[in-house]
Amino acid sequence: MPLFNSQDIAVIGAGVLGLCTAAEVARRGHVVTVVDPGGLNASAVAAGMIAPAMESAVDDLSPEHAALLRRARDAWVDFAASTGVRLNRDPAEWRGGNVEVLAGRLAALGFEQVYDREAGRLTTHEDWKVEPAQALAALTQGVRRLEGRATALSRTDGRWHVETTAGSVEADQVVLAIGAEAAPDGLPETATRLLALISPIRGQIGLVAEGLVDHVVRGPGAYVAPMGKGCVIGATMEAGERSLTPDHERCAQMLGAAWAVLGQTPRPLQVDWRAGVRGATPDGLPMAGAVGLGLHLAVGPRRNGWLLGPLVASVVADEVEGRSSKEP
């Protein structure tokens, strides 16, 4: 049962943060319309990693940041059960490179891990994943979707009016989950200023029909992860890049790194290369919460959109309902 009177909520954006937020507010009894600009968004061009341990070790995060990522991972348990998203809890592995350093970082941060010094391998059960296609489909259940691009917002008589290329939407509250896309016109100055801090990061991945691995394997320059009956090879992090056309030179380098991580001799492989653009804040943490009367942000998760989705959704949904779950 909803804790608050049902409201009309418009979520602008259909990536993981937008759809997680839409699913959460719908679960709480509100009526939700997702304004989906269409096309293949960055959340679909992803491996679906929910990986607080490896992300913390690779980026040498602070204990506080690592704890936030762990809390975000834990939020997936109930969220997945309520939305029908399937969680894969198979182990994740790191091979080669500075594996001993990563093992030390995981131990210092309190993550469970097994380090095989002789083999040069590090394994943890603390990192999970989802299948982006299945997860995105599950998250759209129970919400209305309008396929169009939001162009302008205005507020009249206590209601938001959202103009889109497919018509207009009225809502009591609006959630901006627009990634690194240009903001619609008519936003308050505070929202415009904060959104201007979001920078684009292009990520390229390759989809392979052949199943090269049965669990996530990461290493210097690449990872290989199960995806359906095949696998996915990823991923670049190209700051400032917005092109959705794959860069074949970078993709070839990533494929070479993937073969090295697997310890296999390169051979011909049919790869469907794709590119997506993520949004990132200066500190690498998402912006989540109210930025004006009835206006909220859910943006900027860098490469951890899938990991942070339910936690961001909970923060935004609490503020939609007039209470804050943010830590001081």
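Helices and strands, as I shall use the words, are DSSP runs of at least four residues for a helix and at least two for a strand, numbered from the N terminus. With that in place, I can say that Arg302 sits in the loop between strand 20, residues 295–299, and helix 8, residues 305–320. Please keep in mind throughout that this is a predicted model.

Let me stay with Arg302 for a moment. Its phi is near 60 degrees, a positive value in a residue other than glycine. As background, most residues other than glycine have a negative phi, and most peptide bonds are trans. Arg302 is partly exposed, with a relative accessible area of 26%.

A positive phi is also found at Asp157, at about 55 degrees, and Asp157 is not a glycine either. Where does Asp157 lie? Its place is the loop between strand 9 and strand 10. Those strands form a hairpin with two residues between them. Asp157 counts as exposed, because its relative accessibility is 78% and the cut-off for exposed is over 50%.

I turn now to the strands themselves. Strand 9, residues 150–156, and strand 10, residues 159–164, run antiparallel and are joined by six bridges. One such pairing links Ser154 to His161 in strand 10. Strand 10 also pairs with strand 11 in the antiparallel sense, over five bridges. Here the bridge partner of Trp160 is Ala171, in strand 11.

Together, the three strands form an open sheet in the order 9-10-11, with antiparallel pairing. Strand 9 and strand 11, residues 167–171, each have a single partner strand and stand at the edges, so one side of each is left without a neighbour in the sheet. On average, neighbouring strands of this sheet are turned by 20 degrees against each other, direction ignored.

Another backbone feature concerns a peptide bond. The bond from Gly234 to Ala235 is cis, with omega near -15 degrees. Ala235 belongs to the loop between strand 16, residues 230–234, and strand 17, residues 238–239.

Finally, the cysteines. How many disulfides does the structure hold? The number is zero. Why is Cys231 not bonded to Cys251? The sulfur of Cys251 is the closest cysteine sulfur to that of Cys231, but the distance is 14 Å, too far for a bond, since a disulfide requires the two sulfur atoms to be within 2.5 Å. Cys231 is buried, with a relative accessible area of 1%. Cys251 is likewise buried, with a relative accessible area of 1%.

Key:
Residues are numbered from 1 along each chain as its sequence is written. This is a predicted model: local features need pLDDT of at least 70, side-chain atom pairs count only at pLDDT 80 or more; totals for chains, interfaces and linings use all residues. Side-chain values use heavy atoms; hydrogens and water are left out. Two strands pair if DSSP finds at least two bridges between them. Buried means under 20% relative accessible area, exposed over 50%, partly exposed in between (1.4 Å probe, protein chains only). Axes are lines fitted to C-alpha atoms, for helices over the stretch in contact, and angles run from 0 to 180 degrees between N-to-C directions.
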